[in-house]
Amino acid sequence: QYASVRSEVDAFSTQTAADGRGREIRDFVDQTKMGTDHSRLRRRSPYTTTFFYQLTRLFRREWEIFWGDRATQIFKFVYNAAFAIIVGTLFLRLPDTTAGAFTRGGLLFFALLFNSLTAQAEIPKSITGREVVYKHKAFAMYHPAALSLAQTVVDIPFMILQILVFSCILYFATGLERTAGHFFTFVLYLFVGCLCLTAFFRLVGNISPNVDIAHTLSGICLLFMILLVGYLQPPKSMHPWFKWIYWINPLAYGFKALMCNEFRNLQLECTGANLIPGGAGFADISNQVCTLQGARPGQPYVLGRDYLADGYEFYVDDQWIDFVAVICFWIFFVAAIAAVMEFIEFGNTGYSINVFKRRRPKVDAYTEETIGSATDKEVAMYKNIPQTGPTDEQILAGTTFTWKDIDYTVPVKGGERQLLNGVSGYIKPGTMTALMGSSGAGKTTLLDALSQRKTIGKLEGEMLMNGAPQPRSFRRITGYCEQLDVHNPHATVRESLRFSAALRQPDTVPESEKMEYVERVIYLL
């Protein structure tokens with residue numbers, strides 16, 4: 001018999017190879033894959049569309065999501081404008097003197113820091129939408145990397161408008177260098193810095209398993225980035241152990257670029273209080289010097305570039321190098337986000353495959369006539385169902401639950417109202433049955449009626465288990481999870497059942513007996 005079966009298998013394999021069914025199926029799969037001939041999608045790739053096609057579609061989807069949440073975007077505009085007005089009035093018309101040198105740097109530091117702090121809102125967004133992305137990836141709908149790039153592109157136009165609104169108010173209210181070149185360079189540096197920090201915080205959210213760790217990690221990183229930005233503590237005053245953070249700090253490069261843009265052509269007049277020696281008899285400027293860093297003896301002013309070079313070790317000639325450094329940081333963060341979203345998953349098992357049983361369990365509906373004339377063991381097992389409920393053997397073998405002509409009416413003001421009218425159906429053992437219908441169709445009402453949980457009204461009809469009436473223990477031997485039932489997602493099935501057993505059973509029942517009953521229920525399930 002083995003040799004016969006083996007020869008049939010070999011003959012089938014030979015016939016399949018001769019017919020070329022494998023190649024035919026492969027060609028069909030290739031035809032369903034978009035761009036197989038041109039873009040050369042990998043044969044083993046689960047995706048059927050090209051990366052560029054996914055990127056364009058995801059960009060359109062993200063844009064529609066963005067445009068559908070206009071209220072949030074308007075709030076952000078108002079929020080930025082309000083802060084720009086508040087800070088602009090605090091630093092209103094900064095003087096072009098040495099008295100306003102440090103204050104001018106503080107204004108630029110706030111402008112960069114404010115947009116960086118608002119970028120922290122990307123952290124919860126990156127984590128809350130993670131489960132949806134995993135599910136879409138499991139169905140091979142798109143590359144998560146394409147989604148990250150689409151989100152980055154959608155952020156750009158809104159961020160430009162946001163920075164423009166903020167800059168127009170703050171820049172001209174505080175009296176910064178009023179030339180077109182300085183202003184648009186200021187806007188460009190703020191925009192790139194905001195892009196870079198947004199990508200950074202989005203990366204932190206994607207590499208963190210939960211929101212708590214993400215906020216902790218971002219808080220620590222932001223603390224060091226602010227302390228070692230080069231303003232509160234100039235680079236020459238930093239401890240050698242921490243100075244390396246300054247060189248990998250994108251916020252520091254953005255701040256240096258803003259400072260160089262503002263001070264490169266600025267000439268700060270030295271006021272009387274900042275000239276030493278001062279007082280009567282010291283009116284000759286050739287014998288005086290300004291107290292501001294970068295001052296030269298005999299000059300009544302201080303060049304902005306000298307102030308930066310001597311006070312902060314910022315050099316105007318490196319302005320665009322700093323700008324390019326921020327761009328490089330941004331590209332690195334965007335690429336890292338795409339790689340993390342594509343290859344790293346938290347609490348997900350990857351692609352899912354639906355596996356169906358080859359054979360359904362053979363189940364027959366038994367009536368009183370068939371049970372009375374039954375001779376086989378399976379039917380005879382249900383001939384007498386105890387009043388206390390079916391035995392373990394009967395439960396494991398399966399029970400067919402049928403109902404016929406179920407009517408349910410409830411009393412209302414002025415009469416009665418029928419909620420169920422002649423509903424019939426059945427459920428086979430070993431299968432999962434879905435009860436579907438529109439809202440208000442009576443799904444919950446029917447389930448409540450079948451589970452004998454209705455306490456008011458009149459319930460009519462037949463409800464049978466393997467053709468026999470429901471025993472008194474029906475409610476005890478069945479489980480019913482209502483719509484509002486809440487389970488602890490961190491508890492296992494055994495832990496949940498033990499918790500339920502401890503609460504439901506009286507104190508007189510020993511704990512060992514409760515745990516034993518839980519194990520019995522698990523065995524039956």
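## Aromatic pairs and a cluster

Tyr231 and Phe255 are both buried in this predicted model. Their ring centres lie 5.6 Å apart and their planes stand at 70°, so the two rings form an edge-to-face pair. The pair joins distant parts of the chain, with the two positions 24 residues apart. Tyr231 belongs to the loop between helix H10 (211-227) and helix H11 (243-247), whereas Phe255 sits in helix H12 (residues 250-263). Both residues are also members of one aromatic cluster, which further includes Phe102, Phe109, Phe263, Tyr307, Tyr312 and Phe314.

The structure contains 33 aromatic pairs. Another of them is formed by Phe200 and Phe201, whose ring centres are 5.3 Å apart; the planes are at 65°, so this pair is edge-to-face. Phe200 and Phe201 are both buried.

## Cys196 in helix H9

Cys196 lies in helix H9 (residues 180-207). Its relative accessibility is 0%, and buried means under 20%, so Cys196 counts as buried. When neighbours within four places in sequence are set aside, the residues in contact with Cys196 are Pro250, Val326, Phe329, Trp330 and Phe333.

Phe333 illustrates how this contact spans the sequence. Cys196 and Phe333 are separated by 137 residues along the chain, while their C-alpha atoms are 7.5 Å apart in space.

## Packing of helix H8

Two packed helices are described by the angle between their axes and the distance between the axes. Helix H8 (residues 144-174) packs with H9 at an angle of about 135°, and the two axes are 9 Å apart. Angles over 145 degrees would count as roughly antiparallel and those from 65 to 115 as roughly perpendicular, so H8 is oblique to H9. The crossing of H8 past H9 is right-handed.

H8 also meets helix H14 (residues 319-343): the axes of H8 and H14 come within 7 Å and cross at roughly 145°. This crossing, too, is right-handed. On the H8 side, the contact is made by Pro144, Ala145, Leu147, Ser148, Leu149 and Thr152. On the H14 side, Trp330, Val334, Ile337, Ala338, Met341 and Glu342 take part. Trp330 thus appears in the contact with H8 and is also one of the residues touching Cys196.

## The four-stranded sheet

Four strands make up an open sheet with antiparallel pairing, arranged in the order E6-E5-E7-E8. Its edges are strand E6 (415-427) and strand E8 (468-469), each of which pairs on one side only. Helix H18 (residues 443-450) packs on this sheet and touches E5, E6 and E7. The direction of H18 makes about 75° with that of E6.

Within the sheet, strand E5 (residues 401-412) and strand E7 (residues 458-465) are joined by seven bridges in the antiparallel sense. Asp407 has Glu460 in E7 as its bridge partner.

## The chain as a whole

The protein chain has 21 helices and eight strands. Of its 525 residues, 38% are buried. Among contacts in the chain with a separation of 6 or more, 67% involve residues 24 or more positions apart.

Definitions and conventions: Residues are numbered from 1 along each chain as its sequence is written. This is a predicted model: local features need pLDDT of at least 70, side-chain atom pairs count only at pLDDT 80 or more; totals for chains, interfaces and linings use all residues. Side-chain values use heavy atoms; hydrogens and water are left out. Two strands pair if DSSP finds at least two bridges between them. Contact means heavy atoms within 4.5 Å. Axes are lines fitted to C-alpha atoms, for helices over the stretch in contact, and angles run from 0 to 180 degrees between N-to-C directions. Rings of Phe, Tyr and Trp (its six-membered ring) pair if their centres lie within 6.5 Å; planes under 30 degrees apart count as stacked, over 60 as edge-to-face and the rest as tilted. Buried means under 20% relative accessible area, exposed over 50%, partly exposed in between (1.4 Å probe, protein chains only). Angles under 35 degrees count as roughly parallel, over 145 as roughly antiparallel, 65 to 115 as roughly perpendicular and the rest as oblique. A crossing is left-handed if the near helix is turned anticlockwise from the far one by less than a right angle, and right-handed if clockwise.
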